[in-house]
Amino acid sequence: MDTKSLHTLEYFAVLEKLESYAAFSASEKLAHALRPTNDLPLALDRLQRTSEARLLLSKHAEVSVGGARDIRPQVTLAERGGVLEISDLLDVKITLESARELGRFFAKQEQDYPHLVAITAPLIPPMGLIEAISRVISDKGEVADDASAVLASIRTQIKTAHNRLQRKLEQIISDPNTTRFLQE
């Protein structure tokens, strides 16, 4: 369809409205890129997806992407061998949990929403990935002591050194020879 026809039909205004309902930036970009098609099977598939989505929203308004975030930058960085910050890993974990919940929901609804199931099936995260992140990073963003053997050893050494320093300070403070200097 030519641009003039799209403007006459106020197609771009409809896309803007659709974009306003998007949960995050990736969805906005997908909505913005939508264009009419001359391909009948593709058009019919899109209509079926839309019908299923409307039915889903009318029957299960509570279904959502949860706390999912746009983690494309983190994925790109990780693919390049980059190091993710703790906050990035928490975003990945939250998004994977959301994907897992959507996958579980749609796995039970395959008869009612076959087109939506086909969209969500690849979103289900690999087994153990969420748990692996949870084992090493708490929800508060703290790295667990046992995240690695080296880290556990270092943190044990730090605690031991801290306790020794604490005892030494207590000895100095309680020593009668140094008490008068501390008072001054």
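Where is Glu10 found, relative to helix 1 (3–8) and helix 2? The first legend answers this; every view is taken from a predicted model.

**View A. Glu10 in the loop between helix 1 and helix 2.** Glu10 is found in the loop that lies between helix 1 (3–8) and helix 2. The phi of Glu10 is near 55°, a positive value in a residue other than glycine. Most residues other than glycine have a negative phi. Glu10 counts as exposed because its relative accessibility is 53%, and the exposed class begins over 50%.

**View B. The largest pocket and its lining.** About 2,000 Å³ of space lies in this pocket. Rolling a probe the size of a water molecule over the atoms shows where empty space is left. The lining is made by 40 residues. Of these, Ser27, Leu30, Val65, Leu116 and Ile119 lie nearest the centre of the pocket. By residue class, the lining divides into 27 nonpolar, six polar and seven charged residues.

**View C. Helices around the largest pocket.** Five helices each supply at least two residues of the lining: helix 2 (11–20), helix 3 (25–33), helix 4 (40–59), helix 6 (86–107) and helix 7 (114–120). Helix 4 gives the most, with seven residues.

**View D. The salt bridge between Arg49 and Asp45.** The side chains of Arg49 and Asp45 meet at 3.2 Å, N to O. Both residues belong to helix 4, and because they are four residues apart there, about one helical turn separates them. Arg49 is partly exposed, with a relative accessible area of 35%. Asp45 is also partly exposed, with a relative accessible area of 22%; the buried class is under 20%. A search of the whole structure finds five salt bridges, and this pair is one of them.

**View E. The salt bridge between Arg72 and Asp70.** The closest N and O atoms of Arg72 and Asp70 are 2.7 Å apart. Arg72 is partly exposed, its relative accessible area being 40%.

**View F. The salt bridge between Arg100 and Glu131.** The side chains of Arg100 and Glu131 meet at 3.1 Å, N to O. Arg100 lies in helix 6 and Glu131 in helix 8, so this pair ties together parts that are 31 residues apart in sequence. Glu131 is partly exposed, with a relative accessible area of 35%.

**View G. The second largest pocket.** The volume of this pocket is about 170 Å³. Both partners of the salt bridge in View F, Arg100 and Glu131, are among the residues that line the second largest pocket. The lining is completed by Gly103, Arg104, Ile124, Pro125, Pro126, Met127, Gly128, Leu129 and Ile130. Helix 6 and helix 8 (129–136) each supply at least two residues of this lining. Its residues divide into six nonpolar, two polar and three charged.

**View H. A nonpolar surface patch with residues from helix 9.** Leu165, Leu169, Ile172, Ile173 and Leu182 make a nonpolar surface patch of about 470 Å². The largest share of the patch, four residues, comes from helix 9 (residues 149–174). Leu169 is found in helix 9. The relative accessible area of Leu169 is 42%, so this residue is partly exposed; residues enter a patch only with over 30% relative accessible area.

**View I. Asn163 in helix 9 and its distance to Leu84.** Asn163 has its place in helix 9. Asn163 is partly exposed, with a relative accessible area of 41%. From C-alpha to C-alpha, Asn163 and Leu84 are 33 Å apart in space. In sequence, the two residues are 79 residues apart.

**View J. Glu97 in helix 6 and its distance to Arg80.** Glu97 is found in helix 6, a helix that also supplies residues to the linings of the largest pocket and the second largest pocket. At 27% relative accessibility, Glu97 counts as partly exposed. Glu97 and Arg80 are 17 residues apart in sequence, and their C-alpha atoms are 24 Å apart in space.

Definitions and conventions
Residues numbered from 1 in each chain as written. Predicted model: local features only at pLDDT ≥ 70, side-chain atom pairs only at ≥ 80, totals over all residues. Heavy atoms only, no water. 1 Å grid on protein atoms, 1.4 Å probe; cavity = no way out; pocket = protein on both sides within 12 Å on 5 of 7 lines; lining within 4 Å. Points joined across faces, edges and corners; volume = space filled by probe spheres on them. Nonpolar A, V, L, I, M, F, W, Y, C, P; charged D, E, K, R; others polar. Patch = residues over 30% accessible without salt bridge, like charges linked within 9 Å, V, L, I, M, F, W, Y side chains within 5 Å. Areas by Shrake-Rupley, 256 points an atom, 1.4 Å probe, with all protein chains shown as cover. Salt bridge = Lys/Arg side-chain N within 4 Å of Asp/Glu carboxyl O. Buried < 20%, exposed > 50% of the residue type's maximum accessible area, 1.4 Å probe, protein only.
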